[in-house]
Amino acid sequence: MTSTSSQARPFRAVDLGTLAVIAFSGEVPDGDMPYLLAYSLGDGEGGPEAATAAIEQLLRNNGLPVGDSLLDGTRQPSLPLTLLVEAGQAVVTMPYLNAQCVVPPEWLAAVGERGYAYFLFATRAWPEAEPGRPVEPESLAAFAGNEEILLSAAHVLLPAHSLRG
């Protein structure tokens, strides 16, 4: 008889590969929604599969559910995930992750109106979206709107903070 170990695999940050965040906004019934999409390029030691496992473990370790449920971080002040919006940039911080990206003016307006952004952390790698290179809107829509990507991601309403208070 064979058995599997019930011990959790230790988290290896190196398996995450290059992590990136991209900001965009989209029209929803009550106005513009500011979105932040975090993803890995899948270029870590173990490739895309190891990146997926590492991201899933990172999210689980930080109490962020994966799937189609939306975690309302505006009601959870102890959430280990933060968003700082300052000087035209968004900075997302959580254990093993500190990413920042330049945000477009319409994103800033939407986050200013709402006070939060919809944060989507994809567990699947997106190697085509290299940091510093423009992402075509069609490519973004195909990745961020893919049902498999959405059902395997963490979804969080993340309150926006600024240095001004």
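Leu-108 counts as partly exposed at 30% relative accessibility, on a scale where buried means under 20% relative accessible area, exposed means over 50%, and partly exposed lies in between (1.4 Å probe, protein chains only). Leu-108 is found in helix H2; helices (H or I, at least four residues) and strands (E, at least two) are DSSP runs, numbered from the N terminus. Leaving aside its neighbours within four places in sequence, Leu-108 touches Val-85, Gly-88 and Val-103, where a contact means heavy atoms within 4.5 Å. Leu-108 and Phe-24 are separated by 84 residues in sequence, while their C-alpha atoms are 9.6 Å apart in space.

This is a predicted model, in which local features need a pLDDT of at least 70 and side-chain atom pairs count only at pLDDT 80 or more, while totals for chains, interfaces and linings use all residues. Residues are numbered from 1 along each chain as its sequence is written, and side-chain values use heavy atoms, with hydrogens and water left out.

Around Leu-108, helix H2 spans residues 105-114, and its buried residues are Trp-107, Ala-110, Val-111 and Arg-114. These buried residues cover an arc of only 95° around the axis, which puts them on the same side of H2; the arc is that of the directions from the helix axis to the C-beta atoms. On the other side of H2, the exposed residues are Pro-105, Ala-109, Gly-112 and Glu-113. The cover over the buried residues of H2 includes strands S1 (19-28), S2 (31-40), S4 (82-86), S5 (89-94), S7 (116-121) and S8 (154-161). Just after H2, Gly-115 takes a positive phi of about 85°.

Helix H3 (residues 137-144) can be read in a similar manner. Its buried residues are Leu-140, Phe-143 and Ala-144, and, seen down the axis of H3, they fall within an arc of 85°, so they line one face of the helix. What covers the buried residues of H3 includes S1, S2, S7 and helix H4 (147-151).

Some of these residues reappear in the nonpolar cores, a nonpolar core being a set of buried Ala, Val, Leu, Ile, Met, Phe, Trp, Tyr and Cys residues joined through side-chain atoms within 4.5 Å. The largest such core has 32 residues, and those with the most contacts inside it are Leu-36, Leu-64, Leu-81, Leu-83, Trp-107, Phe-119 and Phe-121. Helix H1 (residues 47-61) gives the most to this core, with 4 residues. A second, separate core of 15 residues includes Ile-22, Phe-24, Leu-140 and Ala-153. Leu-64, when its neighbours within four places in sequence are left aside, is in contact with Leu-59, Leu-71, Leu-79, Leu-81, Met-94, Ala-154 and Val-156.

Two loop residues deserve a look at their backbone angles. Ala-87 is found in the loop between S4 and S5, and its phi is near 50°, a positive value in a residue other than glycine; at 72% relative accessibility, Ala-87 counts as exposed. Tyr-96 lies in the loop between S5 and S6, where its phi is near 70°, again a positive value in a residue other than glycine, and Tyr-96 is exposed, with a relative accessible area of 57%.

Taken as a whole, the chain has 4 helices and 8 strands, which follow the pattern β-β-α-β-β-β-β-α-β-α-α-β along the sequence. The radius of gyration of the chain is 16 Å, close to the 15 Å that the globule rule gives for 165 residues, so the chain is as compact as a globular protein of that length; this radius is taken over C-alpha atoms, and the rule is 2.2 Å times the number of residues to the power 0.38. Buried residues make up 45% of the 165 residues in the chain, and among contacts with a separation of 6 or more, 69% are between residues 24 or more positions apart.

As to confidence, the chain averages a pLDDT of 91, and 94% of the residues score at least 70, pLDDT being the predictor's confidence in each residue, from 0 to 100. Over residues 1-6 the pLDDT is below 50, and this stretch has 0 contacts in the model beyond near neighbours in sequence. Where pLDDT is low, the predicted coordinates should not be read in detail.
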